[in-house]
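Colleague: I'm new to this one, so could you take me through a single part of it slowly? I'd like a close look at the largest cavity: which residues line it?

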Amino acid sequence: MNSGGRPAGPVTIILVVHLAVIVLWQVVVDAFHVPKFILPSPLAALSTLGNAQYAWASNLLVTASEILGGFALGAIVGVALALIFTWSRAVALILLPLFVTLNMIPKVAMGPLVIVWFSYGIFANVLIAFSICFFPILLTTARGLSEVEPDLLDLVKSLRGSRWTLFRKIQLPGSLPYVFSGMKVGAILAVAGAIVGEFIASDRGLGYLMIQVQSALDTPAMVMAVILLTLLGVALYGLVLGLERLFVVRDIRLQ
């Protein structure tokens, strides 16, 4: 509790827990003299940031671009398709089962084909990230759009409201909790998608760097790359969470 007698906020608790885990990690590695090539300490991992040959800044920027690009594309396409499916049951009946089937294809197996079709680089990795993250956004948004109160829809239709008015005034506000719920999952999957692409074929990015240092058993650099990837994912998730708090009333947010 703080000096005012109120309990500590959620953010404080989260930070304290994460800090405790990092301190425990450092203590365990030091106490048991764990070899650096097996599990480096947090300080050992941080020390690699001073190594210019790893080009941390440029590699981080490449991976961040792939993650953000794939996520943004997934969010736009997912929401747009969900809207189309809601407006046209025939289109939904034709395309939604197809998307379900395509989503069952292992993305690691699709990765080499994407590289062959589009060559390797940022664009191919954006497409892989998109292919992984857009489906949960599509499903949750479609569900949210379809679960609007029928009485409200009937009221707007009785007033001869246009389809756009129906969407803007009723469907969109009611579906926002579902949209952001899918976007949270998509944010996590976009990170995985970008790294899958970099692992398959890339000449830049944190995934590429991890492949390069693996042969030298430079575990501290590998761990630092993982930490940076985690921070990118947390930052994107936090962005989505912030937008949700801005646009969605607290009482109707999905947990």
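Modeller: Lining the largest cavity are Val79, Leu83, Thr141, Leu145, Phe167, Leu172, Ser175 and Val179. Keep in mind that this is a predicted model. Three elements each give two or more residues to that lining: α3 (56-87), α6 (122-146) and α8 (163-200). Of these, α8 supplies the largest share, with four residues. Sort the lining by character and you get six nonpolar residues, two polar and no charged. The space inside comes to about 30 Å³, and a search of the whole structure turns up just one cavity of 30 Å³ or more.

Now for the aromatic rings, since α3 and α6 come up again there. The whole structure has six aromatic pairs. In one of them, the rings of phenylalanine 85 and phenylalanine 99 sit with centres 6.2 Å apart and planes at 45°, so this pair counts as tilted. Phenylalanine 85 belongs to helix α3 and phenylalanine 99 to helix α4, so the pair ties together parts 14 residues apart in sequence. Phenylalanine 85 is buried, at 4% relative accessible area. Another pair, phenylalanine 130 with phenylalanine 134, is stacked, with 5.1 Å from centre to centre and 25° between the planes. Both lie in helix α6, four residues apart, or about one turn of the helix, and both are buried. Ring pairs join Phe85, Phe99, Phe130, Phe134 and Phe135 into a cluster.

As for α4 (residues 89-103), this helix bends by about 30° at leucine 95, with proline 97 following within four residues.

Conventions:
Residues are numbered from 1 along each chain as its sequence is written. This is a predicted model: local features need pLDDT of at least 70, side-chain atom pairs count only at pLDDT 80 or more; totals for chains, interfaces and linings use all residues. Side-chain values use heavy atoms; hydrogens and water are left out. On a 1 Å grid over the protein atoms alone, a cavity is a set of points where a 1.4 Å probe fits but cannot get out, and a pocket is an open set with protein on both sides within 12 Å along at least five of seven lines; lining residues have an atom within 4 Å of a point. Grid points are joined across faces, edges and corners, and a volume is the space filled by probe spheres set on the points. Ala, Val, Leu, Ile, Met, Phe, Trp, Tyr, Cys and Pro count as nonpolar, Asp, Glu, Lys and Arg as charged, and the others, Gly among them, as polar. The expected span of a helix is 1.5 Å times one less than its number of residues. The bend at a residue is the angle between axes fitted to the seven residues ending there and the seven starting there. Rings of Phe, Tyr and Trp (its six-membered ring) pair if their centres lie within 6.5 Å; planes under 30 degrees apart count as stacked, over 60 as edge-to-face and the rest as tilted. Buried means under 20% relative accessible area, exposed over 50%, partly exposed in between (1.4 Å probe, protein chains only).
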